[in-house]
Amino acid sequence: MIDHVSIATHDLPRAVEFYTACLEPLGYSVQHQDDKQAIFGADGHWAFAIYPAQGDAPLVGQRGHIAIKSPSQLATHAFHANAMAQGAASLRTPGLRPDVNERYFGTMITDPDQHTIEVVHWLD
């Protein structure tokens, strides 16, 4: 249903470095970048954009988060490890969450701009 999503950052170079490291194990990379944006995805599909924030307004709202699809449990673990190495805060370590769904395997972090990012792999 959703084609793409965008978030703001107070430090575009830092955000690009963070997401490049974190999204690589999931198979996503920068598809387009210039001084005003960086857009991640795979195979030419632009799915996740980062833009410089304008002004000092808050970047995040309550209860909002972005969930990114992971190809495997191993990739989910790698995302979490890379996020921790890049200075993220862990909200949920990688693992099964039968309270959500018996097929759900995921993790959740807060990025350096305080965006909540979930990574989920659905078991077969």
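**Strand β7 and its neighbours**

Me: Which residues of β7 are buried on one side, and which on the other?
Reply: This is a predicted model, where local features need pLDDT of at least 70, side-chain atom pairs count only at pLDDT 80 or more, and totals for chains, interfaces and linings use all residues. Residues are numbered from 1 along each chain as its sequence is written, and side-chain values use heavy atoms, leaving out hydrogens and water. Strands here are DSSP runs of E with at least two residues, numbered from the N terminus, and buried means under 20% relative accessible area (1.4 Å probe, protein chains only). Both faces of β7 are covered, with Tyr104, Gly106, Met108 and Thr110 buried on one side, and on the other Phe105, Thr107 and Ile109.

Me: How many residues of strand β7 are buried?
Reply: The strand spans residues 104-110. It's largely enclosed by the rest of the structure, because the buried count is seven of the seven.

Me: How many bridges join β7 to β8?
Reply: Two strands pair if DSSP finds at least two bridges between them. Strand β8 covers residues 116-122 and runs antiparallel to β7. One of the bridges links Ile109 to Ile117 in β8. The number joining β7 and β8 is seven.

Me: What is the phi of Gln114 in the turn?
Reply: β7 and β8 make a hairpin, with five residues between them. Gln114 sits in that turn, and its phi is positive, about 75°.

Me: Is Asp43 buried or exposed?
Reply: Asp43 sits in the loop between β3 (37-42) and β4 (45-52), and its phi is near 55°, positive in a residue other than glycine. Exposed takes over 50% relative accessible area. At 82%, Asp43 is exposed.

Notes
Helix = DSSP H or I, 4+ residues; strand = E, 2+ residues; numbered from the N terminus.
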